[in-house]
Amino acid sequence: MPRFDPASALRPALRSLEGYTPIEPPEEVAARYGIDAASIVKLDGNENPYGPSPRARAALAALAEDGAHRYPDPDQRRLRAALASHLEVPAESIVAGAGSDELIDLVFGAYVEPGDRVVVAPPTFGMYAFDAELHGAAVIEVPRAEDWSLDENALLDAARDAKVVFIPSPNNPTGGLLPRDLALRLAETGALVVVDEAYIEFSHAESLAREAASGTPIVALRTFSKWAGLAGLRVGYGIMPPAVARTFMQIKQPYDLNVAAELAALASLEDRAELDERACRITGERERLAEALRATEWLAPSPSEANFLLCRLRDAEGATVREALRRRGVFVRYFDTPRLHDHIRISIGTTADSDRLLAALDEVRAELDHRAGTGAPA
Ligand SMILES: Cc1ncc(COP(=O)(O)O)c(C=O)c1O
C-alpha cells in the first residue's frame, strides 16, 4: 500500500498559497520589544477602543454562570429576528456567522469554483484574495487611482466576466466609499456583488441591505467587531437575496454562531443608542487626529469614513515608522505592498490614545531627522 503523502495529496490550489497576514497578538509583539503589554496603545486592528456595550458585558457575565454547556441555535432565530427588526428587512434575507469573515467564506463555498474570476480593487481587505487563492479562483485586480478612487469603467468591464466582485464600503485600508449607483450598476453585470459594510457605522453611507434583501444580487456584509466592540467573539452577518440566504443556511457549519457571540450581539442591539454614541465619539476623534497629523507636515491622512486613517509618509518608509512606534509601545498597521510601502494605517482609539501616538510620532520624526543628519540609514 502506498503511504499517504501530504505534499502530493495537497489540493493544487494550496501548493503555492501565500496566506493571509493577520495582526499579531499584542503580548507577543510586546515581549519581542521588551515593553509592558499593559501600556500598549493598540491602533493596528481597527478595533473599538471602548469594548463591548454595558448590556453585552452583563450578558457575557450571566452566560459565565449558566448556558455555555448548550449548543447554540443552528438557525440563529433570535439574532436574525432582532437584526430583521433593526434593519427593517425580512429575517429570511439575513445570515449570521463567526465574523463577517465566515460570510466571505460562504460566498466562496456556495458560488466560486476553481478557475472562476473574482474581482477586487486594491489596496483593499486581504481576505477576499486569500479566500480566492484557497478556492483556486483567479483574482482580477482593478487598482484604485492615485487618490484611491475606483476605476468605474474597468470595474464594470471586469465584473462582466466574473462570478463575484468584492468591494468594502468604506474600504479598508483607504477609507472611502463605494458609490451607491456603481454598486447597483455592478449588480447588473451578472456578477454577485459583495459590498462589505464592516465600517458603515462610522460613515455617512446608506446601507445596501434593503436592495440586497429585495433580490438585487448584492450581499451586504456587516459585523459586530467594529461598531459593537465584539471582535474577539467573532460575530458578523450578511443581508442578501433570500435564495442566497437559504443556500448559506444550508452549507454553513450548524453551530457557527456560538452562544456567547449570539447573546452579546443581541444585547448590543438593545444598546444601540450607546454604541451609536461611541461611534460618534470615534468619528469625532478621527477628525481631530486627522487635523493633528496633517499639522505634522510629514503624515498625510486620506479622507476616511471609517475608524482608521491611512497616512502617506513624507521621506519615510512605513516599515521603519511602524518599528519605531512599536518600540514606544504604539502599534499601527503597515502593509508590505509596493503601493503602501510609504504608508501606515492608524486605527482610531480614545483621545488619550491619539495623544500618545502624536507624542511618539514627534519622537520618531526627531529620530529620523537625527539619523538623516548623521547619514545613518532611515
Ligand atoms: C473590510 C473588512 N471586512 C471584514 C472584516 C472582518 O470582520 P469580522 O471581524 O466580522 O470577521 C474586516 C476586519 O478588519 C474588514 O476590514
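Which residues is isoleucine 239 in contact with, leaving aside its neighbours within four places in sequence? I started the notebook with that look-up, and I note that the model is predicted.

**Entry 1: cores**

I listed the contacts of isoleucine 239 and got Leu87, Val89, Ser93, Ile94, Ala209, Ala212, Ala213, Ile218, Val219, Ala220 and Arg222. Apart from the core of isoleucine 239 lies another core, of 26 residues, and I noted Val112, Phe125, Met127 and Ala245 among them. I then went back to the largest nonpolar core, which has 81 residues. Its members that touch the most other members are Leu79, Phe224, Ile239 and Leu325. As background I wrote down that nonpolar side chains tend to be buried together in soluble globular proteins.

**Entry 2: helix 4 and helix 11**

I turned to helix pairs. Two packed helices are described by the angle between their axes and the distance between the axes. For helix 4 (residues 77-87) and helix 11 (residues 259-270), the axes come within 10 Å and cross at roughly 20 degrees. An angle under 35 degrees counts as roughly parallel, so I entered helix 4 and helix 11 as roughly parallel to each other. The crossing in which helix 4 passes helix 11 is left-handed. On the side of helix 4 the contact is made by Arg78, Leu79, Ala82, Leu83 and His86. On the side of helix 11 I found Glu262, Leu263, Ala265, Leu266 and Leu269. I sorted the residues of this contact into seven nonpolar, one polar and two charged. Leu79, in the helix 4 side of this contact, is also one of the residues that touch the most other members of the largest nonpolar core.

I also looked at arginine 77, which has its place in helix 4. Is arginine 77 buried or exposed? Its relative accessibility is 51%, so it counts as exposed, the cut-off being over 50%. I took the C-alpha to C-alpha distance from arginine 77 to leucine 60 as well: 19 Å in space, for 17 residues in sequence.

**Entry 3: helix 5 and helix 10**

At what angle do the axes of helix 5 (residues 100-111) and helix 10 (residues 242-251) cross? I have roughly 95 degrees, with the axes coming within 10 Å. That makes helix 5 roughly perpendicular to helix 10. From helix 5, the residues Leu103, Leu106, Val107, Gly109, Ala110 and Tyr111 meet Val244, Thr247, Phe248 and Ile251 in helix 10. I counted eight nonpolar, two polar and no charged residues in the contact of helix 5 with helix 10.

**Entry 4: helix 12 and helix 14**

The axes of helix 12 (residues 272-296) and helix 14 (residues 351-374) are 10 Å apart, and the two pack at an angle of about 15 degrees. I therefore entered helix 12 as roughly parallel to helix 14. Helix 12 passes helix 14 in a right-handed crossing. Helix 12 contributes Glu285, Arg288, Leu289, Ala292 and Leu293 to the contact. Helix 14 contributes Thr351, Ser354, Asp355, Leu357, Leu358 and Leu361. The residues divide into six nonpolar, two polar and three charged.

**Entry 5: backbone**

I checked peptide bonds. Proline 122 and proline 123 are joined by a cis peptide bond, with omega about -5 degrees. I placed proline 123 in the loop between strand 3 (117-120) and helix 6 (127-134). The bond from serine 169 to proline 170 is also cis, and its omega is near 0 degrees. Proline 170 is found in the loop between strand 5 (164-168) and helix 8 (180-186).

I then checked positive phi. Glutamate 88 is not a glycine, yet its phi is positive, about 60 degrees. It sits in the loop between helix 4 and strand 2 (94-97) and counts as exposed at 58% relative accessibility. Tryptophan 148 has a positive phi too, near 70 degrees. I found tryptophan 148 in the loop between strand 4 (138-141) and helix 7 (152-160), where it is buried with a relative accessible area of 8%.

**Entry 6: aspartate 44**

Where is the place of aspartate 44? I found it in the loop between strand 1 (41-43) and helix 3 (54-65). With a relative accessible area of 6%, aspartate 44 is buried. Not counting residues up to four places away in sequence, aspartate 44 touches Ile23, Phe331, Val332, Arg333, Arg345 and Ser347. I also noted that aspartate 44 and proline 173 are 129 residues apart in sequence and 11 Å apart in space, C-alpha to C-alpha.

How values were computed: Residues numbered from 1 in each chain as written. Predicted model: local features only at pLDDT ≥ 70, side-chain atom pairs only at ≥ 80, totals over all residues. Heavy atoms only, no water. Core = buried A, V, L, I, M, F, W, Y, C linked by side-chain atoms within 4.5 Å. Buried < 20%, exposed > 50% of the residue type's maximum accessible area, 1.4 Å probe, protein only. Contact = heavy atoms within 4.5 Å. Axes fitted to C-alpha atoms, helices over the stretch in contact; angles between N-to-C directions. Helix = DSSP H or I, 4+ residues; strand = E, 2+ residues; numbered from the N terminus. Parallel < 35°, antiparallel > 145°, perpendicular 65-115°, else oblique. Left-handed = near helix turned anticlockwise from the far one by under 90°. Nonpolar A, V, L, I, M, F, W, Y, C, P; charged D, E, K, R; others polar.
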